[in-house]
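Hello,

Here is the structure I promised to pass on to you. Have a look at it first, and then read on for what turned up in it.

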Amino acid sequence: MNKLEANISLLFITFISATQNSFLIWIPDSIPHFAFICITNLLGFIMSLACFFGELFRLDVKQIKQSMVLATELIFFNLFLMLAVSGLGAVMTNILQSSVLVFISVIAFLLYKQIPDIGTMLGIITVLSGLAVMTEGNIDSLWNWNVLFLMISNVFFAFYIVTIGEYSSSSNPAIIAMGQMFFCFLFSLILWGIQALTQGAAFTLPSDPKFWGSVIYISFFIRLLYGVVQMYAQRYTTPLNTALILSIEVVITMAISPVLSAFMGTVPEVITPLKVAGGAIMIFGILMTEPQFFNMLRKMFHGKD
């Protein structure tokens, strides 16, 4: 795999992630957040055994520890995201989640003294600007606990992406992806139990076929396929480039919403000129991070090879 193939792979899992929202509507509000994380990671892990059982013979202590670290980062990301989204609208959540680009830049500088080049910096600013345009000015007050929780969740997700970049280059991506699912299952099971004891949350699951259809879809496409592909792809690209590609999930969601809504019987995303313009700006910003894009512009305006 080269960088281009890695970027295509990341774009593919971003598309998959954009489709999950249509399946999440089948999850009853009565189901605790960590119950869903628990059962989907368990099924994802079981599915991964069928695909990568032979890789377990290469398991070592280092990869077990790495899997635990990744799972811990994901659990804390989900914990603070759960605390945040209860008081934020979808539009505000999307724009604030894009700040993960900034956190990754800061973390990469603090840990590895990596400074983004001018093209990457301009790309980040452009992507953030495009997402701001997509909100159509619907920006409420930013001084509340929900925003703080969302920022904390972004910090954990930024660390998660940076950590994958470090671990996947020296370990077996399939093994740490499997380990991540296993420990996410254990950690979320504990948190589900705490929710049941302290908040009276249900410790049972519904028998509704639609619920289990959603569970199976998320388990395979998000927990297993998404996780493994991201682990492999980040071997060949940077954490910041990964975050830039993942950030266009909101654009893909908007583009495929009419098709998915017709198939799932849900209300489609309202597409306005500002949302289309914002999406175009975001895609332009991602292209700006690639040196080949600037070379193309030079050829267009100067006519030089």
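Let me start at one residue: M82 has a relative accessible area of 23%, so M82 counts as partly exposed. You will find M82 in helix α3, which covers residues 61-85. Leaving out neighbours within four places in sequence, the residues in contact with M82 are H33, F34 and Q195. If you would like a distance to check, the C-alpha atoms of M82 and N146 are 9.6 Å apart, although 64 residues separate the two along the chain.

Before going further, please keep in mind that this is a predicted model.

**The chain as a whole**

The protein chain has 13 helices and zero strands. Read from the N terminus, the elements therefore run α-α-α-α-α-α-α-α-α-α-α-α-α. Of its 305 residues, 48% count as buried. Contacts reach far along the sequence too: among those between residues at least 6 apart, 88% join residues at least 24 apart.

**F187 in helix α8**

Another residue to click on is F187, placed in helix α8 (residues 173-199). Is F187 buried or partly exposed? Its relative accessibility is 23%, so F187 counts as partly exposed. Not counting residues up to four places away in sequence, F187 touches M68, A71, T72 and I75. The C-alpha atoms of F187 and I37 are separated by 9.6 Å, and along the chain these two residues are 150 residues apart.

**Helices α5 and α10**

Next, please turn the view to helix α5 (residues 100-112) and helix α10 (residues 239-246). The axes of α5 and α10 come within 9 Å and cross at roughly 180 degrees. An angle over 145 degrees counts as roughly antiparallel, and α5 and α10 are therefore roughly antiparallel to each other. Which residues meet there? From α5 come L101, I104 and S105, and from α10 come P239, L240, A243 and L244. Sorted by kind, the residues of this contact are six nonpolar, one polar and no charged.

S105, which is found in helix α5, deserves its own look. With a relative accessibility of 15%, S105 falls under the 20% cut-off and so counts as buried. Beyond its neighbours within four places in sequence, S105 is in contact with Q114, P116, I124 and L240.

**Salt bridge and cysteines**

How many salt bridges does the structure hold? There is one. The side chains of E55 and R58 meet in a salt bridge, with 3.5 Å from N to O. R58 has a relative accessible area of 56%, so R58 counts as exposed.

I also looked for disulfides. A disulfide is a covalent bond between the sulfur atoms of two cysteines. The search of the whole structure finds zero of them. Two cysteines to look at are C38 and C51: C38 is buried, with a relative accessible area of 3%, whereas C51 counts as partly exposed at 49% relative accessibility.

That is the tour. I hope you enjoy exploring the model, and do write back with any questions.

Best wishes

Terms used:
Residues are numbered from 1 along each chain as its sequence is written. This is a predicted model: local features need pLDDT of at least 70, side-chain atom pairs count only at pLDDT 80 or more; totals for chains, interfaces and linings use all residues. Side-chain values use heavy atoms; hydrogens and water are left out. Axes are lines fitted to C-alpha atoms, for helices over the stretch in contact, and angles run from 0 to 180 degrees between N-to-C directions. Helices (H or I, at least four residues) and strands (E, at least two) are DSSP runs, numbered from the N terminus. Angles under 35 degrees count as roughly parallel, over 145 as roughly antiparallel, 65 to 115 as roughly perpendicular and the rest as oblique. Contact means heavy atoms within 4.5 Å. Ala, Val, Leu, Ile, Met, Phe, Trp, Tyr, Cys and Pro count as nonpolar, Asp, Glu, Lys and Arg as charged, and the others, Gly among them, as polar. A disulfide is a pair of cysteine sulfur atoms within 2.5 Å. Buried means under 20% relative accessible area, exposed over 50%, partly exposed in between (1.4 Å probe, protein chains only). A salt bridge is a side-chain nitrogen of Lys or Arg within 4 Å of a carboxyl oxygen of Asp or Glu.
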